[in-house]
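Student: I am new to this structure. Please choose a single part of it and go through that part closely, together with what surrounds it.

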Amino acid sequence: MVANPITGHALRFKFSDGPMAGKAFDHTFSRNGNVAFREVNGDPNAKAGNAEQYHVASVGQDVHVISYLSATGHTLTVVLDYKSMKLVAFASDATSLIMQQGSFELLGSAPR
């Protein structure tokens, strides 16, 4: 994968509107190209979600886009603005498309 500020790091997405308003999700973007995610304060026994592949595109020095298709058939595409620490996300599946906004924070490096 191309060097970017996302690969090899963990991020927390916090949504302020849409169906996920008030919820936060931790995402770990591994160096080998897969992503694991889990709801913060969700069911501790719930299995983490995952996607075998994600892609990152840099739009500028401070703006990056992530997209992945989860094992359950849902796609999440997120635009991250590292200057404002705001995000815009598009979640979709075979029957719906939803735009959501919020913020994100850096949680550190992903485990190797």
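Tutor: A pocket, as the word is used here, is an open set of grid points where a 1.4 Å probe fits, with protein on both sides within 12 Å along at least five of seven lines. Its volume is the space filled by probe spheres set on those points. The model is a predicted one, and the part to look at is its largest pocket, which holds about 480 Å³ of space.

The lining of the largest pocket is made of 21 residues. Nearest to the centre are Met20, Phe37, His74, Leu76 and Ala91. Five strands each give two or more residues to this lining: E2 (24-29), E4 (49-51), E7 (75-81), E8 (86-92) and E9 (97-109). Sorted by class, the lining has 10 nonpolar residues, 10 polar residues and one charged residue.

Now take the strands one by one. E9 gives residues to the lining, and two other strands are joined to E9. One is E8, which runs antiparallel to E9 and is joined to it by seven bridges. Within this pair, Phe90 is placed opposite Met99 of E9. The chain passes from E8 to E9 by a hairpin of four residues. The other partner is E1, residues 9-15, again antiparallel to E9 and again with seven bridges. Here Phe15 has Gly102 of E9 as its bridge partner.

E2 is another strand of the lining, and His27 is one of its residues. His27 counts as buried because its relative accessible area is 2%, and the cut-off for buried is under 20%. A polar atom of the His27 side chain lies 3.5 Å from the backbone oxygen of Phe25. Leaving aside residues up to four places away in sequence, His27 touches His9, Ala10, Leu11, Phe13, Val35, Ala36, Phe37, Tyr68 and Leu76. Two names in that list have come up before: Phe37 and Leu76 are among the residues nearest the centre of the pocket.

E7 also belongs to the lining, and E7 is paired with E6, which covers residues 63-69. The two strands run antiparallel and are joined by seven bridges. Their hairpin has five residues between the strands, and in it Gly73 takes a positive phi near 95°. Across this pair, Ser67 stands opposite Thr77 in E7. The side chains of Ser67 and Thr77 also make a polar contact of 2.8 Å. From Ser67 to Val78 is a step of 11 residues along the chain, yet their C-alpha atoms are 6.4 Å apart. Apart from residues up to four places away in sequence, Ser67 touches Tyr54, His55, Thr75, Leu76 and Thr77. Ser67 is classed as partly exposed because its relative accessible area is 25%.

His64 is in E6 too. With a relative accessible area of 5%, His64 is buried. Its side chain has a polar contact of 2.8 Å with the side chain of Ser58, and it reaches the backbone oxygen of Gln61 at 3.4 Å. The residues that His64 touches, beyond those up to four places away, include Val78, Val79 and Leu80 as well as Pro5 and Ile6. E6 has a further antiparallel partner in E5, residues 54-58, to which five bridges join it. In this pair Ala57 is matched with Val65 of E6, and a hairpin of four residues connects E5 to E6.

Two loops next to strands of the lining deserve a mention. Asn41 sits in the loop between E3 (35-39) and E4. Asn41 is not a glycine, but its phi is positive, about 65°. Its relative accessibility is 78%, so Asn41 counts as exposed. Met85 sits in the loop between E7 and E8. Met85 likewise has a positive phi, about 60°, without being a glycine. Met85 counts as partly exposed, at 26% relative accessibility.

Notes: Residues are numbered from 1 along each chain as its sequence is written. This is a predicted model: local features need pLDDT of at least 70, side-chain atom pairs count only at pLDDT 80 or more; totals for chains, interfaces and linings use all residues. Side-chain values use heavy atoms; hydrogens and water are left out. On a 1 Å grid over the protein atoms alone, a cavity is a set of points where a 1.4 Å probe fits but cannot get out, and a pocket is an open set with protein on both sides within 12 Å along at least five of seven lines; lining residues have an atom within 4 Å of a point. Ala, Val, Leu, Ile, Met, Phe, Trp, Tyr, Cys and Pro count as nonpolar, Asp, Glu, Lys and Arg as charged, and the others, Gly among them, as polar. Two strands pair if DSSP finds at least two bridges between them. Buried means under 20% relative accessible area, exposed over 50%, partly exposed in between (1.4 Å probe, protein chains only). A polar contact is a pair of N or O atoms within 3.5 Å; within protein, one must be able to donate a hydrogen and the other to accept it, and residues adjacent in sequence count only if both atoms are side-chain atoms. Contact means heavy atoms within 4.5 Å.
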